[in-house]
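Dear colleague,

I am writing to hand over the structure that you will be working with. Please open it beside this message and keep it in view as you read.

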Amino acid sequence: VAIGAIVLTRGWLPAGVMLAAAIAFTLWFGEQRALRATLIALLATGVFALWPTGALLLHPADAEPYFAAWWEWNRASVGLPTGANVVWILRNLGWYAWPLWPFAFWTIYSWRHFVRRPHIALPLMFLAAGLSASLLSVAPSDREFLIAVPALVILASFGVSSLKRSAEDAIDWFSLALFTLA
């Protein structure tokens, strides 16, 4: 349902990478994989289709130019990463995701032998999807980072429990000092 709603609010790019991550995870884990992947795709498509179908049925004259402009906006918002986009992402992602990313990296390191387990693999797939959406966007913004934040939160929650107390306190005090002064 959320993937269908993402198409309506942010376009095809973020929804496409999220759908790809969800289908990849479903095909990788569990039983009846093809059936579940098909249901995910159908549900996302069904949620999205409610809006254009209703608009075309109720106001066909107004809906057609609107959807033509919407398709053009979607087409124009996707492109290959440029050097400026990559620099912008690298410059802003660290601050945007602070203090989640140190804990997420610690989780990946401390659970490195269990990366193929579902509780680590699923957030990693959605993190990769969010970063891919940022990289493939012609004009990346913090909105694309929002896709990666829930995955970082899940990964960070596993890392916090395995940190030594001194490391946790150091990151906590650094965050407190940084955000107090900023």
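The notes below describe what was found, beginning with the overall chain and moving on to particular residues.

**The chain as a whole**

Please bear in mind throughout that this is a predicted model. The chain holds nine helices and zero strands, so that its elements, read from the N terminus, are α-α-α-α-α-α-α-α-α. Along its principal axes, the C-alpha trace spans about 65 × 45 × 30 Å. Of the 182 residues in the chain, 31% are buried. The exposed area is about 11100 Å², and carbon and sulfur atoms supply 72% of it. If one takes the contacts between residues at least 6 apart in sequence, 72% of them join residues at least 24 apart.

**Aromatic rings**

A search of the whole structure gives 16 aromatic pairs. One of them is formed by Trp51 and Tyr66, which meet edge-to-face, with 5.7 Å from centre to centre and 85° between the planes. This pair links distant parts of the chain: Trp51 belongs to helix α3 (residues 33–58) and Tyr66 to helix α4 (residues 60–76), and the two are 15 residues apart. Trp51 is partly exposed, at a relative accessible area of 28%, and Tyr66 is also partly exposed, at 45%.

Tyr66 takes part in a further edge-to-face pair, this time with Phe67; here the centres are 5.6 Å apart and the planes are at 75°. Is Phe67 buried or exposed? Phe67 counts as buried, because its relative accessibility is 9% and the limit for a buried residue is under 20%.

These residues belong to a wider group. Ring pairs join Trp12, Phe48, Trp51, Tyr66, Phe67, Trp70 and Trp71 into a cluster.

**Salt bridges**

How many salt bridges are there in the model? The count comes to two.

In one of them, the side chains of Arg10 and Glu144 meet at 2.7 Å, N to O. Arg10 lies in helix α1 (residues 2–10) and Glu144 in helix α8 (residues 142–160), so this salt bridge ties together parts of the chain that are 134 residues apart in sequence. Arg10 is partly exposed at 24% relative accessibility, whereas Glu144 is buried at 4%.

Glu72 and Arg75 also form a salt bridge, and their closest N and O atoms are 2.5 Å apart. Both residues lie in helix α4, three residues apart, which is about one turn of the helix. Glu72 is partly exposed, with a relative accessibility of 40%, while Arg75, at 55%, counts as exposed.

**Thr107 and Arg112**

Thr107 is located in helix α6 (residues 100–110). With a relative accessibility of 0%, Thr107 counts as buried. Which residues does Thr107 touch, leaving aside those up to four places away in sequence? They are Arg112, Ile120, Leu155, Ala156, Phe158 and Gly159.

Arg112 appears in another arrangement as well. The charged end of Arg112 sits over the ring of Tyr109, at 4.2 Å from the centre of that ring.

**A cis peptide bond**

Trp98 and Pro99 are joined by a cis peptide bond, with omega at about 0°. By way of background, most peptide bonds are trans. Pro99 is found in the loop between α5 (83–96) and α6.

**A nonpolar patch on the surface**

Leu35, Leu39 and Leu42 make a nonpolar surface patch of about 300 Å². Leu39 is placed in helix α3, and Leu42 is likewise in helix α3. Leu42 counts as exposed because its relative accessibility is 55% and the limit for an exposed residue is over 50%. To give a sense of distance across the model, Leu42 and Val78 are 36 residues apart in sequence and 23 Å apart in space, C-alpha to C-alpha.

As you study the model, I would suggest locating the two salt bridges and then the cluster that includes Trp51 and Tyr66.

With kind regards

Terms used: Residues numbered from 1 in each chain as written. Predicted model: local features only at pLDDT ≥ 70, side-chain atom pairs only at ≥ 80, totals over all residues. Heavy atoms only, no water. Phe/Tyr/Trp six-rings, centres within 6.5 Å; stacked < 30°, edge-to-face > 60°. Helix = DSSP H or I, 4+ residues; strand = E, 2+ residues; numbered from the N terminus. Buried < 20%, exposed > 50% of the residue type's maximum accessible area, 1.4 Å probe, protein only. Lys NZ or Arg CZ within 6 Å of the ring centre and 35° of its normal. Contact = heavy atoms within 4.5 Å. Patch = residues over 30% accessible without salt bridge, like charges linked within 9 Å, V, L, I, M, F, W, Y side chains within 5 Å. Areas by Shrake-Rupley, 256 points an atom, 1.4 Å probe, with all protein chains shown as cover. Salt bridge = Lys/Arg side-chain N within 4 Å of Asp/Glu carboxyl O.
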